[in-house]
Amino acid sequence: MELRDRYIRFDWAIKRLLRNKANFGVLEGLLTVLLGKEIHILDILESESSQQSEEDKFNRVDIKACDSENEIIIVEVQVTRELYYLERILYGVAKAITEHIELGHIYSEVKKVYSISILYFDIGKGNDYLYHGQNSFVGVHTGDLLQVTTKEKDAIVRRLPSEIFPEYFLIRLNEFDKVAVTPLEEWLDYLKNGHIRPDTTAPGLAEARQKLIYYNMDAAEREAYDRHVDAIMIQNDVLGTAKLEGLLEGRVEGRAEGRAEGEMKGCVEVARNLKKMGLPLDTIIQSTGLSVEEIDQL
């Protein structure tokens, strides 16, 4: 790749550049390709929800957008392994729904939510690089899909529950190893490898070629970006090494308690190294599953 064709990583762009209305076209392109319908973003909503109490959890998302159909789209990029990841995105969707319906409003005001996770880690077993989940109610004996009666624009209509309930997309970039042919594959090629074809016609990627160029940043921005990329590489290396050491120790023990002890030691070592790197406490908790007290004792 020529130097002039070096593009900024998406996880950096989504935090720094894509919130600007002038750059909405990049994100709209990805969402259009992924959701299979044309997406127009009206506004970027607050990306980290206010806590209602000290015990409340932050809704940690990278971008929460409202589109022209008044739907909410959550986009999150996760670069390192996180325990309970599915539980967290479920919480994030539930919180988005409740935050955007005011007390006293009728249930027709509940907004459709799309949750899109771009993952640079192995979340589990599976051979595909894109997984889609949504709610359907299927007859146990008949196999038919239930349609519900609802009121829409002063008319009684029938809708599938999947048109109302949230939808989830998990993009597992580690599993993507295809030659990019379709618009979706071109987007995944950029997300994983930082490559964008000069002749691309995929929605959003032509804009990305113009707006996400590394050398368009000033020297200070490039330095901050390079530190960000280095930190990701170091963190992933630490996590991978600790995971391997934990598994090996568990196998040598040959017992369930040995495996558990090995994995625990691996988590402790990960936390110790991440703490030395100065990473935020909540990031260390998410990556290792250790408690605040356990981390403080390191």
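Helix α8 is followed by G289, a residue whose phi is positive, near 80°. That is a good place to start a walk through this structure, which is a predicted model. Helix α8 itself covers residues 281-288, and T283, I284, Q286, S287 and T288 in this helix are buried.

**Aromatic rings**

How many aromatic pairs does a search of the whole structure find? The search gives nine aromatic pairs. One pair to look at is W12 with Y225, which meet edge-to-face: the ring centres are 5.5 Å apart and the planes make an angle of 85°. Why does this pair tie together parts that are 213 residues apart in sequence? W12 belongs to helix α1 (residues 10-16) while Y225 belongs to helix α6 (residues 219-253), so the pair links those two parts.

Are these two residues buried or exposed? W12 has a relative accessible area of 7%, and values under 20% count as buried, so W12 is buried. Y225 is buried too, with a relative accessible area of 2%. The two rings also belong to a wider group, because W12, Y214, Y215 and Y225 form one aromatic cluster.

**Arginines over rings**

Y214, a member of that cluster, has an arginine over its face. Another arginine lies over the face of Y120. Here are both cases:

| Arginine | Ring it lies over | Distance from the ring centre |
|---|---|---|
| R6 | Y214 | 3.8 Å |
| R9 | Y120 | 5.0 Å |

**Two helices that cross**

Two packed helices are described by the angle between their axes and the distance between the axes. Try this with helix α2 (residues 24-35) and helix α4 (residues 183-193): their axes come within 9 Å and cross at roughly 130°. That angle makes α2 oblique to α4. The crossing of α2 and α4 is left-handed.

Which residues make the contact? From α2 come V26, G29, L30, V33 and L34, and from α4 come P183, L184 and W187. To picture the α2 side, it helps to recall a general rule. An α-helix has 3.6 residues a turn, so residues three or four places apart point the same way.

**A serine in a loop**

Finally, find S162 in the loop between β7 (155-159) and β8 (167-172). Although S162 is in a loop, this serine is buried, with a relative accessible area of 13%. What does S162 touch, not counting residues up to four places away in sequence? The residues in question are K112, Q134, N135, S136 and E167.

Key. Residues are numbered from 1 along each chain as its sequence is written. This is a predicted model: local features need pLDDT of at least 70, side-chain atom pairs count only at pLDDT 80 or more; totals for chains, interfaces and linings use all residues. Side-chain values use heavy atoms; hydrogens and water are left out. Rings of Phe, Tyr and Trp (its six-membered ring) pair if their centres lie within 6.5 Å; planes under 30 degrees apart count as stacked, over 60 as edge-to-face and the rest as tilted. Helices (H or I, at least four residues) and strands (E, at least two) are DSSP runs, numbered from the N terminus. Buried means under 20% relative accessible area, exposed over 50%, partly exposed in between (1.4 Å probe, protein chains only). A charge sits over a ring if NZ of Lys or CZ of Arg is within 6 Å of the ring centre and within 35 degrees of the ring normal. Axes are lines fitted to C-alpha atoms, for helices over the stretch in contact, and angles run from 0 to 180 degrees between N-to-C directions. Angles under 35 degrees count as roughly parallel, over 145 as roughly antiparallel, 65 to 115 as roughly perpendicular and the rest as oblique. A crossing is left-handed if the near helix is turned anticlockwise from the far one by less than a right angle, and right-handed if clockwise. Contact means heavy atoms within 4.5 Å.
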